[in-house]
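Me: I should like to learn how to read aromatic pairs and the surroundings of a single residue. Could you guide me through an example?

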Amino acid sequence: MSIIERFLPPLNTDERTTLESWLDFHRTTLAMKCEGLDDEQAAVASVPPSGFTLTGLVQHMAEVERNWFRRVFAGEQTPPIYDPQADPRGPDGGFEVAEGATLRDALTTWHAEIARAREHCDGRALSDTGRFMEQDVSLRWIYVHMIEEYARHNGHADLLRERIDGTTGV
């Protein structure tokens, strides 16, 4: 039984509530996939030769949150979290897990990036823009992209969790 509560997005509401609710639904799904795992379990790789792990996935999503909401939407000049030497305009990274890295630390960082994302979006219109690839990109587009990003990676998390302990269907 999960301690984390996940709520179905409202079935008939305004556009912003729909987008934010679906994004939160997928954020919560990733947290549920990690629930109850220790660091060793969260570091189990998917299938050789891949080194894809749940800890790496959580780190990646922290980087994705930072990139889209802080760099792109808010225009912050903030470095990557897990590879400060990486080009912040490049792929989001974070998949590689450093020796000594923990799931708890990855989750803490991810939650902090989500909190910052919410701060940047609070009171902003869906039509407000940031800059991506030298073009304007709306908050609406970013929300849809983030829902897609989480949905895709939650499928990966499903398979990783099933490999770790047989848990399915969260």
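Reply: The following turns discuss aromatic rings and then one residue in this predicted model.

Me: How is a pair of aromatic rings described?

Reply: One gives the distance of the ring centres and the angle of the planes. In the whole structure, a search finds 6 aromatic pairs. For Phe-52 and Phe-95, the centres are 5.4 Å apart and the planes stand at 40 degrees, so this pair is tilted.

Me: Where in the chain do Phe-52 and Phe-95 lie?

Reply: Phe-52 belongs to the loop between helix H2 and H3, and Phe-95 to the loop between H3 and helix H4. The two are 43 residues apart, and their pair links distant parts of the chain.

Me: Is Phe-52 buried or exposed?

Reply: Buried means under 20% relative accessible area. Phe-52 has 17%, so it counts as buried. Phe-95, with a relative accessible area of 30%, is partly exposed.

Me: How are the rings of Phe-69 and Tyr-143 arranged?

Reply: Their centres are 6.1 Å apart and their planes are at 55 degrees, so this pair is tilted. Phe-69 lies in helix H3 and Tyr-143 in helix H5, so the pair ties together parts 74 residues apart in sequence. Both Phe-69 and Tyr-143 are buried.

Me: Which residues form one aromatic cluster?

Reply: The cluster consists of Trp-68, Phe-132 and Trp-141.

Me: Why does Glu-65 count as buried?

Reply: The relative accessible area of Glu-65 is 0%, so this residue of helix H3 is buried. Its side chain makes a polar contact of 2.5 Å with that of Tyr-150. Beyond its neighbours within four places in sequence, Glu-65 is in contact with residues including Arg-27, Trp-110 and Met-146.

Methods:
Residues numbered from 1 in each chain as written. Predicted model: local features only at pLDDT ≥ 70, side-chain atom pairs only at ≥ 80, totals over all residues. Heavy atoms only, no water. Helix = DSSP H or I, 4+ residues; strand = E, 2+ residues; numbered from the N terminus. Buried < 20%, exposed > 50% of the residue type's maximum accessible area, 1.4 Å probe, protein only. Polar contact = N/O pair within 3.5 Å; in protein donor to acceptor, adjacent residues only side chain to side chain. Contact = heavy atoms within 4.5 Å. Phe/Tyr/Trp six-rings, centres within 6.5 Å; stacked < 30°, edge-to-face > 60°.
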